[in-house]
Amino acid sequence: MSKLPNITTSIFSVMSQLANEHGAINLSQGFPNFPEDERLLQISERIIRENIHQYTPMAGLPSLLEKIANQTLKQYDRKVNTVTEMLITAGATQGVFTAINTFVNHGDEVLILDPSYDSYEPSVLVAGGKPVRVSLNDDYTPNFNRIESAISAKTKMIVINNPHNPTGRIWTESDFEALETILEKHPQILILGDEVYEYITFSQPHISFNTRPKLVERTIIASSFGKSLHVTGWKVGYLIAPENLMFEMKKVHQFLVFSVNSFSQHAISEYLNVVDFSEVSKMYQRKRDLFQNLIKNSRFELMPCDGTYFQVVNYNQISSKNDVDFAKELIVNHGVASIPISVFYNDATDRHMLRFCFAKTDETLIAAAEKLNQI
């Protein structure tokens, strides 16, 4: 019997395969197509022959943990214990899976805010829990009346992705205050904060759970170097959590992966001596602004993009087709691949929205925009 009977081929694979078949420009999958930082490549070339290829400690390379702790202190003014409150994971996805499967038991409910990244629900189902999907507002901001109404005596966890994939929205101070007010009534609820795009924000600053005293003791924060340093294939992420929560997650982690790729940990640890995360944000803002300017006169309506490297557009002025069919038509007839937003909803809410990834070379964005402007 399948634990995931309703899980089929992901929309990302479907759209990428269709793009390959038709030679379309692929703005669907969320990874960069430009070269890595030359400094990281030089570090990698130099250390590949060093004695770094055996297991690192289960919780992570000590020097890398120390660098993350220093960055967390610098960025959020939170002092984290590298021994008891941190864990290096095989990407944030494994971190999310580990957190959910550590604390969610059979029958427990987990609130997931839709549209939502597609790994959350399967992780809950494998744990024997019940996903409770709660729709965001039409502008993709959180609806706290819906969130509070969805909480029950069985609610064990709320998953909050901020900055948000797929929409690029960012929570505000008032959003966090509203959540804190609700959770004061429910001390049993844990928070899983997916902050993988924490360093890819624009005019509105990212507010991290690291900075929320009322929530931090019940929050597991997941992040990833794959997104921040545009090395998604290295699959190096990390969890930060209070000692009592981290102690339990390490039990699951050690029998899931034990320790993460040693080479990647060593390379990233050294690279963190020279990289400036603020430059990462500036680079992606330039790409966002370029893409927005390129298609601002098209028939697509641009939605707000506060962070991440995704731009959501509305195509009501172009077609009345559902978003999955229109996304396929966009590939076949116009040569550009995107992701339809309805696939991120449990009930397939279709508001004629598509997600484009602008983590691409300028040449790719210009070529894609030329095609989009002709529609």
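## Exercises on a predicted model

The axes of helix H11 (residues 277-295) and helix H13 (residues 362-373) approach within 9 Å and cross at roughly 25 degrees. The structure is a predicted model, and the exercises below treat its helices, sheets and cysteines in turn.

**Exercise 1. Determine how H11 is oriented relative to H13, and which residues make the contact.**

Solution. Two packed helices are described by the angle between their axes and the distance between the axes. For H11 and H13 the crossing angle is roughly 25 degrees. Angles under 35 degrees count as roughly parallel, and therefore H11 is roughly parallel to H13. The crossing of H11 past H13 is right-handed. On the H11 side, the contact is made by Arg286, Lys287, Leu290, Phe291, Leu294 and Ile295. On the H13 side, Asp362, Leu365, Ile366, Ala369, Leu372 and Asn373 take part.

**Exercise 2. State the strand order of the four-stranded sheet and identify its edges.**

Solution. The sheet is open, its order is S9-S10-S13-S12, and the pairing is antiparallel. Strand S9 (301-302) and S12 are at the edges with a single partner strand each, so one side of each has no neighbour in the sheet.

The pairing can then be followed strand by strand. Strand S10 (residues 310-314) is joined to S13 by five bridges. Within this pair, Val313 stands opposite Leu354, and Gln311 has Phe356 as its bridge partner. Strand S12 (residues 339-340) pairs with S13 over two bridges, in the antiparallel sense; here Ile339 is partnered by Arg355. Helix H12 (residues 323-334) lies across S12 and S13 and runs at about 45 degrees to S13.

**Exercise 3. Establish which residues of S13 point each way, and whether they are buried or exposed.**

Solution. In a regular strand the side chains alternate between the two faces of the sheet. In strand S13 (residues 353-357), Met353, Arg355 and Cys357 point one way, and Leu354 and Phe356 point the other way. Five of the five residues of S13 are buried.

**Exercise 4. Explain why Cys357 and Cys305 do not form a disulfide.**

Solution. A disulfide requires two cysteine sulfur atoms within 2.5 Å. The sulfur of Cys357 has its closest cysteine sulfur in Cys305, at 10 Å, and therefore the separation is too far for a bond. A search of the whole structure likewise finds zero disulfides. As for surroundings, Cys305 is buried, with a relative accessible area of 4%, and Cys357 is also buried, at 0% relative accessibility.

**Exercise 5. Describe the seven-stranded sheet, its edges and the helix H3 that packs on it.**

Solution. The order of this open sheet is S2-S8-S7-S6-S5-S3-S4, with mixed pairing. Its edge strands are S2 and strand S4 (130-135), each of which pairs on one side only. Neighbouring strands are turned by 20 degrees against each other on average, with direction ignored.

Both senses of pairing can be located. Strand S3 (residues 109-114) and strand S5 (residues 155-161) pair in the parallel sense over four bridges, with Val110 opposite Met157 in S5. Helix H3 (residues 62-76) packs on the sheet and touches S2 and S8; its direction makes about 115 degrees with that of S2. S2 and strand S8 (residues 237-240) run antiparallel and are joined by four bridges, and Thr89 stands opposite Gly237 in S8.

Finally, strand S2 (residues 86-89) is covered on both faces: Met86 and Ile88 are buried on one side, and Leu87 and Thr89 on the other.

Note on methods
Residues are numbered from 1 along each chain as its sequence is written. This is a predicted model: local features need pLDDT of at least 70, side-chain atom pairs count only at pLDDT 80 or more; totals for chains, interfaces and linings use all residues. Side-chain values use heavy atoms; hydrogens and water are left out. Buried means under 20% relative accessible area, exposed over 50%, partly exposed in between (1.4 Å probe, protein chains only). Two strands pair if DSSP finds at least two bridges between them. Axes are lines fitted to C-alpha atoms, for helices over the stretch in contact, and angles run from 0 to 180 degrees between N-to-C directions. Angles under 35 degrees count as roughly parallel, over 145 as roughly antiparallel, 65 to 115 as roughly perpendicular and the rest as oblique. A crossing is left-handed if the near helix is turned anticlockwise from the far one by less than a right angle, and right-handed if clockwise. Contact means heavy atoms within 4.5 Å.
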